[in-house]
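Please look over the sequence and the model shown below before reading the notes. The notes are arranged by topic for use at the bench.

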Amino acid sequence: YPGNYPNNAQCIWEIQVRNNDLIELSFSDLRLEYSNNCVYDFIEIYDGPLQSSTSRRRICQIANSTFTSSSNFIAVLFSSDHIVTNAGFQAYFQSIAPPYNKSVTLTCTSDAMQAAVNRAYLESLGYSTWSLSSNDRYCYPQVTGTHVIFNISYNRCGTVREVDGSSIIYSNTLRAYPPVSLITRQKKLNVDIRCKLFQNTSL
C-alpha cells in the first residue's frame, strides 16, 4: 500500500494489547477487488486468535470500517485471488482501557503513537490540562477543546524500544502532577502507553 498488492496473497496480523483492554480497529482506506459477497479479495477480522476464534467479520468495502474486539486480542487476515489487484488498505488500531469510555485512546502507526486524553476525564481527577507530560517534558501536546493529544515518534520523546521475538514494543508514560500550591493527598497520575509492531510487516 498504496501500490497494488500481489495475486494469491495470504497475510496475517495479530494484535494484542494489555490485559482487560479492548481493541478498536479502523480502516481509513480500503480498495480491493469488488464483489458483492467478498468472495475474491477480502479481509477477515477475528475476535481472538485465528485458530480458535468463532467470531469473525469479512469485508471488502469501506462501508464497514470500524471494529471493536471483546478481548485484548484480534487477528486480521488478508487474502487475494489469482486475478485483479488494487491498492489494498490502510488501518489503525487503538487500545481502549476500562471502563471503555475512551477517556484515554491510543493509535499506533508505523512510525509514531498518538495518545489522546479526554480533558473532562483529566479535570475530573483534579488535574489541569497543562499538567500532563510524556517521558520528555519538552515534547509538548496539542490541546483541543476536548482532548490533550500527544503525537510521539518512536525515536523521540523518551520512547523506550524493546525487541520481543518477532515484534518491537515501544512504550512511553504520560504523567500528571497535582498543583504544588495545594495541600493534597492526591498522587501523580501515570498513563502507560505501548505500541507493539511486528517486524517486516505493517498494518
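The briefing below covers the overall make-up, the sheets, the disulfides and the salt bridges.

This is a predicted model, in which local features need pLDDT of at least 70 and side-chain atom pairs count only at pLDDT 80 or more, whereas totals for chains, interfaces and linings use all residues. Residues are numbered from 1 along each chain as its sequence is written, and side-chain values use heavy atoms, with hydrogens and water left out. The protein contains one helix and 15 strands, where helices (H or I, at least four residues) and strands (E, at least two) are DSSP runs numbered from the N terminus. The structure also holds three disulfides and three salt bridges.

**Overall make-up**

- Of the 203 residues of the protein, 43% count as buried, where buried means under 20% relative accessible area, exposed means over 50%, and partly exposed lies in between (1.4 Å probe, protein chains only).
- About 11400 Å² of the protein is exposed, and carbon and sulfur atoms supply 48% of that area; accessible areas come from the Shrake-Rupley method with a 1.4 Å probe, and for residues only the protein chains shown count as cover.
- Among contacts (heavy atoms within 4.5 Å) between residues at least 6 apart in sequence, 67% join residues at least 24 apart.

**Sheets and strand pairing**

- Strands of a sheet pair through backbone hydrogen bonds, either parallel or antiparallel; here two strands are taken to pair if DSSP finds at least two bridges between them.
- One open sheet has four strands in the order E1-E6-E3-E4, with antiparallel pairing; strand E1 (10-16) and E4 stand at its edges with a single partner strand each, so one side of each is left without a neighbour in the sheet.
- In this four-stranded sheet the twist averages 15° from one strand to the next, with axes taken as lines fitted to C-alpha atoms (for helices over the stretch in contact) and angles running from 0 to 180 degrees between N-to-C directions.
- E1 and strand E6 (residues 73-79) run antiparallel and are joined by seven bridges, and Gln 16 stands opposite Phe 73 in E6.
- Another open sheet has seven strands in the order E5-E2-E7-E8-E9-E12-E11, again with antiparallel pairing; its edges are strand E5 (66-68) and strand E11 (142-143), each with a single partner strand, so one side of each is left without a neighbour in the sheet.
- Within that sheet, strand E2 (residues 22-31) pairs with E5 in the antiparallel sense over three bridges, and Leu 25 has Phe 67 in E5 as its bridge partner.
- Strand E13 (residues 160-164) and strand E14 (residues 167-176) pair in the antiparallel sense over five bridges, with Ser 167 in E14 as the bridge partner of Asp 164; their hairpin has two residues between the strands, and Gly 165 takes a positive phi near 65° there.

**Disulfides**

- A disulfide, meaning a pair of cysteine sulfur atoms within 2.5 Å, joins Cys 38 to Cys 60 at an S to S distance of 2.1 Å; Cys 38 lies in the loop between E2 and E3 and Cys 60 in the loop between E4 and E5, so the pair ties together parts that are 22 residues apart in sequence.
- Cys 108 and Cys 195 form a disulfide with their sulfur atoms 2.0 Å apart, and the torsion about their S-S bond is about -85°, so this disulfide is left-handed; the pair links strand E8 (residues 104-108) with strand E15 (residues 189-198), 87 residues apart.
- A disulfide also joins Cys 139 to Cys 157 (S to S 2.1 Å), and both of these cysteines are buried.
- With the bonded cysteines of the protein numbered in sequence order, the pairing is 1-2, 3-6, 4-5.

**Salt bridges**

- A salt bridge, defined as a side-chain nitrogen of Lys or Arg within 4 Å of a carboxyl oxygen of Asp or Glu, forms between the side chains of Arg 31 and Asp 29 (2.8 Å, N to O); Arg 31 is partly exposed at 38% relative accessible area, whereas Asp 29 is buried at 17%.
- The side chains of Glu 44 and Arg 56 meet in a salt bridge (3.9 Å, N to O); Glu 44 lies in strand E3 (residues 42-46) and Arg 56 in strand E4 (residues 56-59), so the pair ties together parts that are twelve residues apart in sequence.
- Arg 58 forms a salt bridge with Glu 44, the closest N and O atoms being 2.8 Å apart, and salt bridges that share partners join Glu 44, Arg 56 and Arg 58 into one network.
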